[in-house]
Amino acid sequence: MNVSDFDLVIRGGTVVTGTDTFRADIGVVGETITVVGEALEPGGGRIIEADGLLVMPGGIDSHCHIEQLQPDGSEYEDSFGHASAACFAGGTTSVITFAAQFKGQRLGPVLAEYHRRAARGMVDYSFHQIINDPFDAVIEQDVPEVVAAGIRSLKVFLTYDDVRLDDRQYLRVLAAARRAGALVTVHAENYDAIAWLTEALLKAGMTAPKYHAWSRPTVIETEATHRAIALAELVDQPIQIFHVSGPEPAAEIARARARGVKVWGETCPQYLVLSAADMDRPGFEGAKFICSPAPRGPAESEGLWDAIRAGTIDNISSDHSGHSFSIPGRGKRAHGTDVDFTKIPNGVPGLAARLPIVFSEGVSKGRIDAQTFVRLTASNPAKLFGLAPRKGTIAPGSDADLVLWDPAKKVTITNRLMQHAIDYTPYEGLEVTGWPVMTIARGRVVMKDDVVTAAPGSARFLPREPYAFITPRGVFPNGFDAAAIMI
Ligand code: DUC
Ligand code: ZN
Ligand code: ZN
């Protein structure tokens with residue numbers, strides 16, 4: 001019997017971390033786990049009985065768009081408050097979202113604005129700094145300053161009008177990241193190929209939502225993935241490829257990793273359970289499923305599970321994008337419904353659905369074990385983005401971010417359960433086995449039985465210190481470090 005002044009003891013659960021599964025009690029003082037042991041007694045604090053439940057680290061969603069401004073002046077519709085509720089509903093306790101630079105902007109004021117927004121929420125947060133315009137002052141002054149302020153990841157788009165970088169600009173960002181000590185995350189699709197195919201589709205009158213997938217087949221993602229990795233290899237700069245949609249782009253990552261390149265791959269639930277056929281639903285319904293890369297099909301989803309088991313894909317984020325469906329003039333209907341697929345905003349909401357879908361499709365269906373689930377959804381993103389060991393594990397000294405999980409509970413996903421501000425979920429009607437019954441964020445119970453209780457403004461910024469995981473290898477194709485010379 002270990003009697004102590006715990007504020008909270010979680011008793012009798014099966015603790016699952018990224019490396020171990022064992023029965024233990026967890027003692028929490030304030031916001032922090034202090035003991036993982038046996039027969040803990042709180043000595044006056046609260047006891048939560050977790051018999052029959054899995055006790056796992058709170059999820060980390062390292063790719064989600066929240067209150068993010070768009071080049072056309074619109075905004076992703078979920079506020080940080082609503083997004084926080086959705087996170088807690090689905091067992092997620094930390095997010096890495098985005099601070100988006102547009103043409104001509106310096107990074108300091110951009111980052112300050114996103115800090116103001118995120119601080120109003122409840123979920124702990126960091127940002128990837130999006131670089132859309134790598135002009136001299138941004139590269140020379142702003143990137144080092146932003147990274148020193150704890151934002152240790154940059155994000156670039158290789159496609160999309162107004163935000164995409166050409167190869168020369170991408171090289172410049174890679175080199176700046178290398179000098180500053182940051183990871184680069186990449187949206188990898190071929191801009192010119194998409195533009196060319198899109199023009200042809202529109203000329204042929206092929207304008208319905210399903211042709212979104214035709215405008216960006218896998219090969220244009222595979223090519224851009226290859227190129228993103230090759231240029232990162234040239235600079236010797238670690239990168240993560242966002243939202244890998246199938247085994248072919250994943251194979252590019254696997255080949256590079258096999259020769260030692262520091263490249264990591266992420267996928268999202270939409271590539272595991274949705275398909276191009278969803279964009280062919282009647283009328284405007286297909287718009288609900290438009291996202292980029294486009295969902296492929298069951299064979300590609302199975303191929304992604306192979307890549308997950310092989311370790312090529314080691315992180316599953318939501319790519320949560322809040323575009324409402326039914327409100328005229330907003331979200332998916334921003335330009336009306338009688339429009340070609342290029343006028344429909346990209347992205348699907350998924351903060352709350354992420355963990356249940358990955359657990360159900362992965363663990364409950366026998367594709368992965370529970371430890372792999374924890375690695376994919378919490379401990380790997382924590383390591384890759386410099387949040388470990390504070391986040392992503394269950395150990396003395398770590399934040400008391402926990403999700404209590406009923407592995408047998410069967411739930412049919414509905415939009416009401418998602419608790420975001422968006423009026424639909426692309427996963428409506430999906431049956432899952434395994435569901436979060438309680439979420440604890442820094443020692444506070446923030447969700448119990450689908451009821452979220454957390455105070456607006458209780459979010460905390462997670463500054464990220466330099467960390468060894470993303471140290472470049474010091475290997476250049478011909479031994480010449482161009483990044484040290486080219487500003
Ligand atoms: N694709 C992105 O690259 N960003 C947000 C939404 C999407 O589908
Ligand atoms: Zn993207
Ligand atoms: Zn995204």
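Trainee: What makes H187 and H243 the protein donors of the zinc ion (ligand 2)?

Mentor: In this predicted model, H187 through ND1 and H243 through NE2 lie 2.1 Å from the zinc ion (ligand 2), and N, O and S atoms within 2.8 Å of the metal are taken as donors, so both atoms qualify. Water is not among the atoms, so the site may look incomplete.

Trainee: Which parts of the chain does this pair tie together?

Mentor: H187 belongs to strand β13 (residues 183-187), whereas H243 sits in the loop between β14 (239-241) and α8 (247-258), so the two donors join parts that are 56 residues apart in sequence.

Trainee: Why is H187 called buried, and why does H243 count as buried?

Mentor: Buried means under 20% relative accessible area; H187 has 2% relative accessibility and therefore counts as buried, and H243, with 2% relative accessibility, counts as buried by that criterion.

Trainee: What coordinates the zinc ion (ligand 3), and at what distances?

Mentor: The zinc ion (ligand 3) is coordinated by H63 (NE2), H65 (NE2) and D319 (OD), at 2.0 to 2.2 Å, which satisfies the cut-off of 2.8 Å for donors. Along the chain these donors follow the spacing H-x1-H-x253-D. H63, in the loop between β8 (59-61) and β9 (64-65), and D319, in the loop between β16 (313-316) and β17 (320-321), are 256 residues apart, and this pair links distant parts of the chain. The zinc ion (ligand 3) and the zinc ion (ligand 2) are separated by 3.6 Å.

Trainee: Are H63 and D319 buried or exposed, and how do you know that?

Mentor: The relative accessible area of H63 is 1%, so H63 is buried, and that of D319 is 8%, so D319 is buried as well, given that the limit is under 20%.

Trainee: Why is α3 called oblique to α4?

Mentor: Helix α3 (residues 136-148) and helix α4 (residues 167-180) pack at an angle of about 40 degrees, with their axes 9 Å apart. Angles under 35 degrees count as roughly parallel and 65 to 115 as roughly perpendicular, which makes α3 oblique to α4. The crossing of the two helices, α3 and α4, is right-handed.

Trainee: Which residues of α3 and α4 meet, and how many are nonpolar, polar and charged?

Mentor: From α3, D136, I139, V143, P144 and V147 meet R172, V173, A176, R179 and A180 from α4. By class, the contact of α3 with α4 has seven nonpolar, three charged and no polar residues.

Note on methods:
Residues numbered from 1 in each chain as written. Chains lettered and ligands numbered in written order. Predicted model: local features only at pLDDT ≥ 70, side-chain atom pairs only at ≥ 80, totals over all residues. Heavy atoms only, no water. Donors = N, O, S within 2.8 Å, 3.2 Å for Na, K, Ca; no water. Helix = DSSP H or I, 4+ residues; strand = E, 2+ residues; numbered from the N terminus. Buried < 20%, exposed > 50% of the residue type's maximum accessible area, 1.4 Å probe, protein only. Axes fitted to C-alpha atoms, helices over the stretch in contact; angles between N-to-C directions. Parallel < 35°, antiparallel > 145°, perpendicular 65-115°, else oblique. Left-handed = near helix turned anticlockwise from the far one by under 90°. Contact = heavy atoms within 4.5 Å. Nonpolar A, V, L, I, M, F, W, Y, C, P; charged D, E, K, R; others polar.
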